[in-house]
Amino acid sequence: MGTPTRFPSGVTNVAKASDLGMFTAPDPTKNHVYFNDFDTYVAGDWTVTSAGSASAAAIADVDGGAITLTTDAGATDSVYMNKLGESFQFATGKKMWFKTRLKVSNATSSIFVVGLQITDTSPLDVTDGVFFSKAGATTAITLEVEKNNTATSSAVGVCADDTFLTLGFYYDGVSGISYFLDSVQVGTSAVTNLPDDELLTISLAVKNTTTAARTLTVDYVLAAKQR
C-alpha cells in the first residue's frame, strides 16, 4: 500500500519574491471560494420563501452534515432559498466552478433547482443564472445557462428516489461550460446565454407536483471563481 508524499517545508503556487512567497500552503487569495458543508444553518444568512405552513429548511442528522428542504403536502407547496449577498459573476478570462451533492425524496413528483442565480424569491422561473434543474413528471436533470430569460438547456442525466448524486460545472473563462454527473463529464454547453451582466448567488429550491410532502437534501455546495 502506498504512502503519501510529504512536503515538510510546505508547498506553494506563487513566486518566491511575492508577499506569500514563503507561505507554506497554496495562496488562498487566488480564488474566491464559498463552501458550505451544512454542519450549521443560520437562517439569517438566507432568504427563505415557502408555500405551505409546514414547509421549512433545517439541518439534517446525517454523517458529514446536510440541510433538508421539506415541503408541506399541498400539490404546489415549496421551499426556496437564496444565500444573502450576490457575490459571483461570470467574466471572460476568469474560470469558475460549482459542485453539489444532493438527493430528492421522490424523483418524479417533485421539481428542484440548485446552482448560481440572481436573487429571486421564485428560483424555478428565474431570468438569469447557471444552474441544474429538474422539472416535474420526469427524472431528467438539465443544466440551464440563462441570460435575460433566454436559456440554453443541456441534458445532464437522471436522478432516482432518495439517492445521492453529485452535480458540477466548470466555466473555462472563454467559450464553454463543462458539466458533470457523479464527477464524470457528460457534456459542454455553449456560453451564448452566459449571464455575465449579473451578480449571482447560491440558490436551492424544491416544489411538489402532487399532494405529498417532498424533501431535497443538500450535503454540500461549492462555488468558486478565479480572481
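**Reading surface, fold and strand pairing**

Colleague: How is the accessible surface of the protein to be read, and what part of it belongs to carbon and sulfur atoms?

Modeller: Accessible areas come from the Shrake-Rupley method with a 1.4 Å probe, and here the surface comes to about 10,700 Å², with 53% belonging to carbon and sulfur atoms. This is a predicted model, in which local features need pLDDT of at least 70 and side-chain atom pairs count only at pLDDT 80 or more, while totals for chains, interfaces and linings use all residues. Residues are numbered from 1 along each chain as its sequence is written, and side-chain values use heavy atoms, without hydrogens and water.

Colleague: What does the radius of gyration say about the protein?

Modeller: Taken over C-alpha atoms, with a globule rule of 2.2 Å times the number of residues to the power 0.38, the radius is 19 Å, which agrees with the value near 17 Å for a compact globule of 227 residues. The C-alpha atoms fill a box of roughly 65 × 40 × 40 Å along the principal axes.

Colleague: How many helices and strands are there?

Modeller: As DSSP runs (helices H or I, at least four residues; strands E, at least two), the protein has 0 helices and 15 strands.

Colleague: Is strand E14 mostly covered or mostly open, and which strands are joined to it?

Modeller: With buried meaning under 20% relative accessible area, 7 of the 8 residues in E14 (residues 201-208) are buried. Strand E5 (residues 78-83) runs antiparallel to E14 through 5 bridges, with Asn-82 partnered by Ser-203, and strand E7 (residues 110-117) is likewise antiparallel, joined to E14 by 8 bridges, with Ser-110 partnered by Asn-208.

Conventions:
Buried < 20%, exposed > 50% of the residue type's maximum accessible area, 1.4 Å probe, protein only. Pairing = 2+ DSSP bridges.
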